[in-house]
Amino acid sequence: MATSSLTKSCFVFKPKSGGSSSAALDSSQYFAGLSDDMGIQSAERRSQTFNSTWQTAEKLCTDFQEEMFNTVFHEMIEYLQGSVDIEEDAGIPTATLITGVNMPDHTGVFRSLAERLRAQVTAHVAVLEAASCTTVQATVRAMVRQLTAAGEPLSPDVPVVDEDDEDDCLLDVPDQTSRQRRAPATMPALVAHYEAAQETVASPKKRSPRKRARTAPQRRPLVVVWRDLEAFQPRVLQDLVLICSQYRSRLPISFVFGVSTCASAVHRLLPQHVSARLSLHKFHSQLATHCLAEMIDKVLLSPSMPFRLGGRALRLLLDIFLYHDFSVNNFISAYKFCMLSHFLWSPASALCCEPGQLEERVEELTGAQVAGLRALPSVRAYLDDLEQEERHTLQHDGVFKEWVLHMAPKLHSKHEELLVGLRCLFALTKRLPGALLGKQFREAYNLALLHALPERDEYKRTFQLLNMLSRQELTATLEHALEAVSGSGSALSTLLRTQLDRVRALDDRPTPVSAEESSQQRRLVADTLKQATSRQSLRESLQSMGAARNARLNPYETLRSALLAELDEHLRGLIVQPSKWPFNECVVFDDVSLVRRRLVGAPRSSVQTALADPAKYLQCTCCQLGDAASIRPTMPDLCIVYKLHLECGRLINLFDWMQAFRAVVGASDDDQTIQARFAHCVAELQFLGFIKSTQRKTDHVARLTWGSC
């Protein structure tokens, strides 16, 4: 995916390396270039507002990432801590972490796992990469060097230097460093290093043998993490398992296999006599969709976040996540880009702050800034619905500021009400067939952002299905809805609890029919039998009588209709589309075109733009074009050849093409140089897919692209 330099420079999320200060430093560079007439507040105020908002989001992201894999990591750590007690005949203790092909952020997850293993299990941890472990010798060397470097930060991305290349690599290195790099990295050396470390810790000076034996610490395992097991060569994996099994009596080695597909991949890579030497234990990681759902719930929908994403922007970020990378870090980076764009370009971003800071922000507004707020689409639509006298009163800046102080805090409360109503509605539809609002809460939330949900067919169909539930099913549905909103403390939870009590207290025994009503029914049936002239007329009369009798609702059906009507009315008041809120532009970002242009790569259009107008990317005056179809000799050779080929038809004569190239660049070079430059450009165009060789004419090439293709 192609990203801009802006995205690459300041949107890399680093939760544990002081991300707040780096974000503040990077954002100030962009806010400093703004003029005061572009926004409500000065550049410094905008930068401070963005930094404080991002610090809140960053803390939420950090807490989320720490808890994302707590369950599976905790189970693996407990298993590896007890791996030293597993008998030697049972095989090498092996924790198989089944991540799945769509598990987010493989590298970050295994880096976090290695850090937790060093902190809670042992300092001897090695992380092996398939790219640097192509042979058994290189794999053993990488494993031993990392296991003997206990306590030092490990970097699995550093390439392993082969023994054959060490002499060449260490020609200019001092003698001490050379001796360190030439230290043997073999299994006997690992045994000696581990035994020496255990003896040093377990045998303090000036203690008797009995005390030393009594104070001997527990043996720590040696953990080897295979990050992507399927990427390793089977022969290398098999040989290393056999080698480690031979040293199992002297070294408490344990394995961690990172498997992307399924547990049977281990048996596909290892034959039976090798896999028999492993004691496999499976662990399943959290699905990417579950990680996304938790991240949205804990970060994007957090009450402490004043910034919100609009429906179109949120849908684009979800599409990028689900159809491109499955990376939570990339999703957070895109979210940060949307936040920075909101504070950078939206004039109404001054009011995107904590409720306690709102009064100070409103007092700082100037007359032009108040006019900008009054011109917001949501504010204009709200003012048009008011009476003329009240609308005229709000034209005064002082009265308008007081009105802003009254309306702006409602943005956060309205969002909380929207979430409460959506959670209740989603809990009601979750037990209904068809998944009317989607299988995930994010789908219902996105639908409510994009449309007026109470007017949608999905909403109406939901209450039609709810009106068909039995008493037991309605009771269970109301219980789930009450559980979904129980922690909100809203009036909806009180309403659901009252409705649930009314359903439980209902006596569903049929109402007895009185004697007078029974006699009337008998007389009606007798009159119908007398008036019937044929079998068909008798059938129709009896059917009409049965329909009339069934039309009378029993007490449960009457109560169910009343409860659902009351619940429908309450939900319609809560689930209001955010675009209808006054001042929603202050906290909601929905510029999907900007996000798509910056975050969604378009390689074809970018390449064509670079070839047709190189000054746009090179930022040089020598390549600037007065006319889009013109060609300048100072342009790169590839751009000249590309623009010349746009003037040709389906088949391009190479000699004529080269002569045109010579005429543009001039005859300062000799013929061989011109031919070499031209041939190089033709080869690059063929590599890019603009032309191809053809069998029709040997001295021609075929053109492959036309227009904007």
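**Exercise 1. Which residues of E3 lie on one side and which on the other, and are they buried or exposed?**

Solution. Bear in mind that this is a predicted model.

Step 1: find the strand. E3 covers residues 222-226, and 5 of its 5 residues are buried.

Step 2: sort the side chains. In a regular strand, side chains alternate between the two faces of the sheet. Here, Leu222, Val224 and Trp226 sit on one side, with Val223 and Val225 on the other, and all of them are buried. So both faces of E3 are covered.

Step 3: look sideways. Strand E2 (residues 125-128) pairs with E3 in the parallel sense through 4 bridges, and Val127 has Val225 as its bridge partner in E3. Strand E4 (residues 253-259) also runs parallel to E3, joined by 5 bridges. Within that pairing, Trp226 is matched with Phe257 of E4.

Step 4: follow the chain from E3 to E4. Together with helix H11 (residues 234-246), these two strands form a right-handed β-α-β unit.

**Exercise 2. Work out the strand order of the open sheet, then say which strands stand at the edges.**

Solution.

Step 1: write down the order. The sheet has 5 strands, arranged E2-E3-E4-E1-E5, and the pairing is parallel.

Step 2: pick out the edges. E2 and strand E5 (278-284) each have a single partner strand, so one side of each lacks a neighbour in the sheet.

Step 3: check the twist. On average, neighbouring strands are turned by 20 degrees against each other, ignoring direction.

Step 4: fill in E1. Strand E1 (residues 92-98) pairs with E4 in the parallel sense over 5 bridges, and Ile98 stands opposite Val259 of E4.

Step 5: add helices. Helix H4 (residues 70-81) packs on the sheet and touches E1, E3, E4 and E5, with its direction at about 160 degrees to that of E5. Helix H5 (residues 106-120) lies across E1, E2, E3 and E4, and runs at about 165 degrees to E2.

**Exercise 3. Find the largest nonpolar core and explore the surroundings of Tyr335.**

Solution.

Step 1: get the size. The largest nonpolar core has 129 residues, and Leu309, Tyr335, Leu492, Leu571 and Phe583 are those with the most contacts inside it.

Step 2: zoom in on Tyr335. Setting aside neighbours within four places in sequence, Tyr335 contacts Trp54, Ala57, Val299, Leu300, Met305, Phe307, Leu309 and Leu317.

Step 3: look for another core. There is a second, separate one of 34 residues, with Ala126, Ala185, Val191 and Tyr194 among them.

**Exercise 4. Phe583 and Gln619 are residues other than glycine with a positive phi. Is each of them buried or exposed?**

Solution.

Step 1: recall the usual case. Most residues other than glycine have a negative phi.

Step 2: take Phe583. Its phi is near 65 degrees, and Phe583 belongs to the loop between helix H29 (555-574) and strand E7 (588-589). Buried means under 20% relative accessible area; at 0%, Phe583 therefore counts as buried.

Step 3: take Gln619. Phi is near 55 degrees for Gln619, which is in the loop between helix H32 (615-618) and helix H33 (637-645). The cut-off for exposed is over 50%, so Gln619, with 65%, is exposed.

**Exercise 5. Place Asn446 and Leu365 in the structure, and decide whether each is buried or exposed.**

Solution.

Step 1: Asn446 is part of helix H23 (residues 441-450). Its relative accessible area is 6%, so Asn446 is buried. Beyond neighbours within four places in sequence, Asn446 contacts Gly311, Leu314, Arg315 and Leu318.

Step 2: Leu365 is in the loop between helix H17 (358-363) and helix H18 (367-374). With a relative accessible area of 8%, Leu365 is buried too. The C-alpha atoms of Leu365 and Lys401 are 8.5 Å apart, although 36 residues separate the two along the chain.

**Exercise 6. Which stretches call for caution when you read this model?**

Solution.

Step 1: start with the overall score. The protein averages a pLDDT of 79, and 80% of the residues score at least 70.

Step 2: find the weak spots. Residues 1-25 have a pLDDT below 50, and the model gives this stretch 51 contacts beyond near neighbours in sequence. Residues 212-216 also stay under 50, with 6 contacts beyond four places in sequence.

Step 3: draw the lesson. Where pLDDT is low, the predicted coordinates should not be read in detail.

Note on methods:
Residues are numbered from 1 along each chain as its sequence is written. Side-chain values use heavy atoms; hydrogens and water are left out. A nonpolar core is a set of buried Ala, Val, Leu, Ile, Met, Phe, Trp, Tyr and Cys residues joined through side-chain atoms within 4.5 Å. Buried means under 20% relative accessible area, exposed over 50%, partly exposed in between (1.4 Å probe, protein chains only). Contact means heavy atoms within 4.5 Å. pLDDT is the predictor's confidence in each residue, from 0 to 100. Two strands pair if DSSP finds at least two bridges between them. A crossover is right-handed if, with the strands pointing away from the viewer, the path from the first strand over the helix to the second runs clockwise. Axes are lines fitted to C-alpha atoms, for helices over the stretch in contact, and angles run from 0 to 180 degrees between N-to-C directions.
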